[in-house]
Amino acid sequence: MLSFWEKEQFFGPQDVVIVGAGLVGLNAALNLKQQQPQAKILVLEKGLLPAGASSRNAGFACFGSPGELYEDLKTHNWPELEELLYQRYLGLRLLRETLGDQNIAYQASASLELFRTEEEEQYQAILAQLPSFNKRLAPLFEGQKLFVPLAKDALKKEGLQNFSAAFKNPLEGQIDTGKMMQSLVQKAEMAGISIRWGAELLDWEQSPKGLCLNLRFGPEQLALYSQQLLICNNGFGPRLLPKLVLKPARNQVILTNPIPNLALKRPCHAQAGYVYFRPIAGRILLGGGRHLDLAGETTDELGQTAIIQDFLADYLHNVLDQKVGISQSWSGILGVGPQKKPLLGQTEEGVYYALRLGGMGVALGSLLGQKAASLLTD
Ligand SMILES: Cc1cc2nc3c(=O)[nH]c(=O)nc-3n(C[C@H](O)[C@H](O)[C@H](O)COP(=O)(O)OP(=O)(O)OC[C@H]3O[C@@H](n4cnc5c(N)ncnc54)[C@H](O)[C@@H]3O)c2cc1C
């Protein structure tokens with residue numbers, strides 16, 4: 001049982017409780033604290049570390065590729081996609097400003113979207129759209145051509161000889177995910193924001209003293225009162241807000257042993273974004289394969305499956321031509337839906353949410369956190 005003192009000090013009444021110590025939750029907390037320095041703000045995190053996608057992702061500092069645009073135009077209109085791309089671009093700038101390039105080990109490496117010979121038809125269809133994509137997007141990027149086709153010869157130099165063509169996005173890059181989350185947690189704590197690790201929000205109800213939040217902390221369940229609640233738990237959102245159009249999507253990742261003289265320089269994605277890989281500390285981080293078992297991967301349970309692990313190992317050995325051992329594998333949970341725009345809103349008095357970042361939350365997270373803070377203070 002928690003003592004009287006522990007309950008009073010660590011679970012006393014709050015002005016704002018935020019659920020989730022990921023990119024969105026911590027950025028929202030930081031922005032709220034800037035706007036209301038006297039406010040008591042508590043972040044609840046069910047993991048003992050940030051346990052969501054923010055500390056388990058691949059560290060692509062990306063905001064869009066021609067292949068993704070081509071696919072998304074089937075379900076979104078142009079103004080929606082322009083807005084989304086630009087928000088991601090601004091979000092990346094905000095992440096870099098908030099934490100500093102050195103603290104996130106930002107590298108302006110550019111990125112590649114890759115195609116294999118059997119995808120030639122798809123590549124040609126996208127290539128035909130490239131002038132119109134670049135023309136439409138140029139005003140957002142100071143007149144720059146955002147997407148540049150790359151010839152097969154250039155790919156060979158990067159050890160990508162099994163691909164036949166690529167598009168380069170010169171404005172994209174890569175970060176060190178662990179460093180990013182470590183500095184974000186430090187920044188939040190230094191700003192006076194309390195993070196209660198190992199505390200899970202189960203549900204809540206309205207009460208005369210404000211919102212009464214029901215928490216699990218270790219073996220105990222206890223109540224905590226707060227005037228406002230902001231839910232930033234992304235792919236775990238359906239557990240608390242089942243009516244939102246949001247589903248969990250697990251992503252599995254492998255990391256190789258060190259590779260001497262690794263030629264790979266930048267983040268790459270292939271197969272319409274279902275496969276992605278990048279260099280990190282002389283190794284390759286490779287993830288994806290969710291399309292092989294979409295139903296099975298619609299889960300918020302962490303874990304690895306043979307079908308996807310085998311696919312990733314085969315891709316590493318036979319497509320990337322790296323006959324190297326795998327040192328580690330892990331998974332993380334995305335929040336996805338039919339539309340790529342994140343969900344930001346209010347469900348009832350005092351209860352708000354900022355969720356559904358899809359596969360580009362590194363780009364969107366800081367900005368969505370900022371917007372969520374503004375929603376609470378408006
Ligand atoms: C394997 C993988 C690779 C990715 N690669 C990239 C990439 O390269 N580039 C990119 O831009 N994006 C990438 N993403 C997506 C990106 O990481 C996410 O969109 C982003 O981190 C989401 O941030 P968030 O703060 O919304 O959620 P999260 O980081 O998931 O944070 C939510 C937090 O809420 C906590 N939580 C959940 N329920 C509760 C509860 N009831 N009570 C208390 N705490 C709770 C969770 O433990 C978690 O820490 C990737 C994701 C994955 C899984």
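What percentage of the 378 residues in the chain is buried? In this predicted model, buried residues make up 45% of the chain.

**Figure 1. Overall fold of the predicted chain.** The secondary structure consists of 11 helices and 18 strands. The radius of gyration is 21 Å, close to the 21 Å that the globule rule gives for 378 residues, so the chain is as compact as a globular protein of that length. The C-alpha trace spans about 70 × 45 × 40 Å along its principal axes. Among contacts with a separation of 6 or more, 71% are accounted for by residues 24 or more positions apart.

**Figure 2. Division of the chain into two domains.** Domain 1 is assembled from the segments 4-55, 179-245 and 339-377, whereas domain 2 is formed by residues 247-336. Domain 1 contributes 12 residues to the contact between them, and domain 2 contributes 10 residues. On the side of domain 1 that touches domain 2, five residues are nonpolar, six are polar and one is charged. The C-alpha centres of the two domains are 29 Å apart.

**Figure 3. The shell of residues around the ligand.** The shell holds 43 residues, of which Gly20, Gly22, Gly52, Gly332 and Gly361 come nearest to the ligand. Two or more shell residues are supplied by each of the helices α2 (23-35) and α11 (361-377) and by each of the strands β2 (41-45), β9 (199-207), β12 (247-256) and β16 (326-336). Helix α11 provides the largest share, with four residues. By residue class, the shell comprises 22 nonpolar, 17 polar and four charged residues. Because domain 1 and domain 2 both give residues to this shell, the ligand lies between them.

**Figure 4. Surroundings of Ile284 in strand β15.** Strand β15 covers residues 283-288 and includes Ile284. Ile284 counts as buried because it has 23 C-beta neighbours inside 10 Å, and the cut-off for a buried residue is 20 or more. Leaving aside residues up to four places away in sequence, Ile284 touches Thr256, Ile259, Leu264, Phe277, Pro279, Leu316, Leu320 and Gln322. One of these partners, Leu264, is 20 residues from Ile284 along the chain, and the C-alpha atoms of the two are separated by 8.2 Å.

**Figure 5. Backbone at Asn234, a residue with positive phi.** Asn234 belongs to the loop that connects β11 (220-231) and α9 (237-240). The phi angle of this residue is near 45°, a positive value in a residue other than glycine. Most residues other than glycine have a negative phi. Asn234 is buried, since 32 other C-beta atoms lie within 10 Å.

**Figure 6. Backbone at Ala281, a residue with positive phi.** Ala281 is placed in the loop between β14 (275-280) and β15. Phi is near 50° at Ala281, again a positive value in a residue other than glycine. Is Ala281 buried or exposed? With 9 C-beta neighbours inside 10 Å, Ala281 counts as exposed, because the cut-off for an exposed residue is 12 or fewer. The two positive-phi residues shown here thus have contrasting surroundings: Asn234 is buried, whereas Ala281 is exposed.

Definitions and conventions:
Residues are numbered from 1 along each chain as its sequence is written. This is a predicted model: local features need pLDDT of at least 70, side-chain atom pairs count only at pLDDT 80 or more; totals for chains, interfaces and linings use all residues. The radius of gyration is taken over C-alpha atoms; the globule rule is 2.2 Å times the number of residues to the power 0.38. Two residues are in contact if their C-beta atoms, placed from the backbone, lie within 7 Å. A residue is near a molecule or strand if its C-beta atom, placed from the backbone, lies within 6 Å of it. Ala, Val, Leu, Ile, Met, Phe, Trp, Tyr, Cys and Pro count as nonpolar, Asp, Glu, Lys and Arg as charged, and the others, Gly among them, as polar. Domain bounds come from an automatic or database domain assignment.
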